[in-house]
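Dear colleague,

I am passing on to you the structure shown here, and I would be glad if you could read through it with the notes that follow.

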Amino acid sequence: MSKSESQPEMLSGGEMLCRALQDEGVEYVYGYPGGSVLHIYDALHRQDKIKHILVRHEQAATHMADAYARASGKAGVVLVTSGPGATNAITGIATAYMDSIPMVVITGQVMSHLIGCDAFQETDMLGISRPVVKHNIMVKSPEEIPMAIKKAFYISQSGRPGPVVVDVPKDMTAPNAKFPYHYPERVKIRSYNPVKKGHSGQIRKAMNLLLQAKKPVIYAGGGVILGKASKELTQFAKLINFPVTNTLMGLGGFPGTDEQNVGMLGMHGTYEANMAMHNADVILAVGARLDDRVTNNVTKFCPNAKIIQIDIDPTSISKNIAVDIPIVGPVKSVLLEMLSQLEQSTQTIDDAALDRWWVQINQWRERHGGRYRTDDSEKMKPQFVIETLSKVTKGDAYVCSDVGQHQMFAAQYYKFNKPNRWINSGGLGTMGFGLPAAMGVQLSYPDADVFCVTGEGSIQMNIQELSTCKQYGLPVKILCLNNGYLGMVRQWQDMNYESRYSHSYLDSLPDFVKLAESYGHVGFVVEKAEDLEAVLQEAMAIRDRSVFIDVRIEPEEHVYPMQVPNGAMCDMFLSKTERT
């Protein structure tokens, strides 16, 4: 027996926490120090394997970790202090929770004997976070720290991913008390056993139904990307020749430029995608939870379709829409078994019916196909801005968006051919997400082109992170679609409130170019369409600083198509004067 085996290393709680993160393979910790976590920060200072990224607001730390997870597939890690530090992180935790993003958030807590005494900077982080985490843990003795960290990563990354909070009282990390350190190789939780494989009988039923379909649609969601199943989905779709539509979270899970891709579906989905869904007879929902942004009125949803739903989370199946064939399991393994069954099947597809279905879909494409007005204003169209971005980057950039009209335009007009390239807050719809998200991606992929597509409202939610960009030399490109309004709010006020713009007009905007320059970055203003491409090219050539591109766009432009509230999927506004 070696000396290290007979005499385990003695470490303080703070040192154990840092060592556990190292043993878990953590690259970055995003955070902000404060009193209750100073023992941990001192331990971080005395090691060199984990890089700590100092943000300017705790919400930004959670969004950076979130985007790191979305782009890399590994859990992001956050470290914040107690009280306001922890509560500032809640919005980012909820953002990750809604989109099933793996994240471990370590929050400081007041000393154990002060818990419940309304001590300085005390908050009940377990109680506050409970509705928006997959799990949370409070450390009650220093010896528990290695297992707590192991459990946090296991729970966060397995099954349906999600954020886990580890609350650590300050006295658990005191530097003078030393304890034997051992990081567990594995963890087993009796009450938590994620499914590893789909039911073969259910998969066989699903394949039989799919092969009988006359008007099929593959409806692919964020679970395809989270489950690293884009390759399998593409193979299956190409082999069976069915149309594919993606949710907002699923963009890039199937190549956006492929002829079988009918575009995004749902509230601001394409005409052809929503019409195909409404008229389908069989729908294969892969890693999609049939949420309200897709279904519209659930009583009118796809009235003639039989639905197959594949999801790792059994609670998501039939939650909003009753499905005919549920399959609980990881989408990757289920799709692999479906591919195997398809290749071995003696049952044949009705090619004539499928050909007629494609003719119909292509007619819907011809009717709308992403068209937009081009001749009624001297101002730039936001659709044109995104199309130009897609052209200049050859569709190969990481695009992180904030929330609003610009988010929908980016989803509609940027063609994502790869997974993990579209990073946005889908479920919670968090303004302020885009810039720190882009920073998290840029830090991990320093040679990549990373764009934050934002609006003049969203960017000001976390604009202080330009300071963090400067500190770490992050060449993020901020493409601000500036229409002088909270654009999506204005659109709803146009449509539902007789254009009464109650507090949606943003006067007193800063000079974004000067603001960017004051942080040490580069700024451009673009007012003419013919100047945009050259500015984007110039911005992409700058690799040592961030670039703020303030693009002045048409303020009255709406996002279309748009589902008619309380209607079916086929009920859409196609322009200000046209509806289905």
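In this predicted model, the sulfur of Cys400 lies 7.0 Å from the closest cysteine sulfur, which belongs to Cys452, and that is too far for a bond, because a disulfide is a pair of cysteine sulfur atoms within 2.5 Å. Cys400 also counts as buried, because its relative accessibility is 0%. Cys480 is likewise in no disulfide, since the nearest cysteine sulfur, again that of Cys452, is 8.5 Å away, and Cys480 counts as buried at 0% relative accessibility. By this rule, the count of disulfides comes to zero.

Turning to the helices, you may find it useful to know that two packed helices are described by the angle between their axes and the distance between the axes. Here, helix α9, which covers residues 200–212, packs with helix α14, which covers residues 331–344, at an angle of about 55°, and their axes are 10 Å apart. That angle makes α9 oblique to α14, and the crossing of the two helices is right-handed. On the α9 side the contact includes Ile203, Met207 and Leu210, while on the α14 side Val334, Met338 and Leu342 are among the residues that they and their neighbours in the contact meet. Sorted by class, the contact of α9 with α14 has eight nonpolar, two polar and two charged residues.

Finally, helix α12, at residues 271–279, is mostly covered, with eight of its nine residues buried, and among these buried residues are Tyr271, Glu272, Asn274 and His278.

With best wishes

Notes:
Residues numbered from 1 in each chain as written. Predicted model: local features only at pLDDT ≥ 70, side-chain atom pairs only at ≥ 80, totals over all residues. Heavy atoms only, no water. Axes fitted to C-alpha atoms, helices over the stretch in contact; angles between N-to-C directions. Helix = DSSP H or I, 4+ residues; strand = E, 2+ residues; numbered from the N terminus. Parallel < 35°, antiparallel > 145°, perpendicular 65-115°, else oblique. Left-handed = near helix turned anticlockwise from the far one by under 90°. Contact = heavy atoms within 4.5 Å. Nonpolar A, V, L, I, M, F, W, Y, C, P; charged D, E, K, R; others polar. Buried < 20%, exposed > 50% of the residue type's maximum accessible area, 1.4 Å probe, protein only.
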